Amino acid sequence: VQFVESGGGLVQPGGSLRLSCTTRSSSRFPMYHLGWYRQTSGTQREMVAFITSGGSPNYADFVNGRFTISRDNARDTLYLQMNSLKVEDTAVYYCNRYGREEPWGQGTQVTVSS
């Protein structure tokens, strides 16, 4: 399975971004638990949020109500709506299966800066 992330960019603190993730090579997308992850230079990749195949969302503590994960199985697309962004949210964001990771994609850079 190949995942392709998009939607990153430069945004000011307090701003919003919507990330998207699609897959090029799987018809089993609706069956997967899926997650968003992020990584900054010199740190380990961390889970931001995941959503089960049934649509139940779960979030890391640091999200604190600011992000919303969702999925559109008809479009094989995963989303992450990020609001009230902070400087510390700056990272490369990736999507992948949750609990059974596939090879990582290129990610999408999110930079929060004034």
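**Exercise 1. Find the ring beneath Arg-18, and say how far its centre is from the charged end.**

Solution. The charged end of Arg-18 sits over the ring of Tyr-79. The distance to the ring centre is 3.9 Å. Keep in mind that you are working with a predicted model.

**Exercise 2. Classify the pair formed by Tyr-37 and Trp-104.**

Solution. Start with the count: there are three aromatic pairs by the ring-centre rule, which asks for centres within 6.5 Å. For Tyr-37 and Trp-104, the centres are 5.1 Å apart and the planes make an angle of 90°. Planes over 60 degrees apart count as edge-to-face, and that is the class of this pair. Next, place the partners: Tyr-37 is in strand β4 (residues 34–39), and Trp-104 is in the loop between β9 (91–97) and β10 (108–112), so the pair ties together parts 67 residues apart in sequence.

**Exercise 3. Is Tyr-37 buried or exposed? And where does Trp-104 fall?**

Solution. The cut-off for buried is under 20% relative accessible area. Tyr-37 has 6% relative accessibility, so this residue counts as buried. Trp-104, at 27%, is partly exposed.

**Exercise 4. Work out how Tyr-94 packs against Trp-104.**

Solution. Here the ring centres lie 5.8 Å apart with the planes at 80°, so the pair is edge-to-face. Tyr-94 belongs to strand β9 and Trp-104 to the loop between β9 and β10, so parts 10 residues apart in sequence are tied together. Tyr-94 is buried, at 10% relative accessibility. Now put the rings together: Tyr-37, Tyr-94 and Trp-104 make up one aromatic cluster. Finally, look for a charge: Arg-45 lies over the face of Tyr-94, 4.4 Å from the ring centre.

Notes: Residues numbered from 1 in each chain as written. Predicted model: local features only at pLDDT ≥ 70, side-chain atom pairs only at ≥ 80, totals over all residues. Heavy atoms only, no water. Phe/Tyr/Trp six-rings, centres within 6.5 Å; stacked < 30°, edge-to-face > 60°. Helix = DSSP H or I, 4+ residues; strand = E, 2+ residues; numbered from the N terminus. Buried < 20%, exposed > 50% of the residue type's maximum accessible area, 1.4 Å probe, protein only. Lys NZ or Arg CZ within 6 Å of the ring centre and 35° of its normal.
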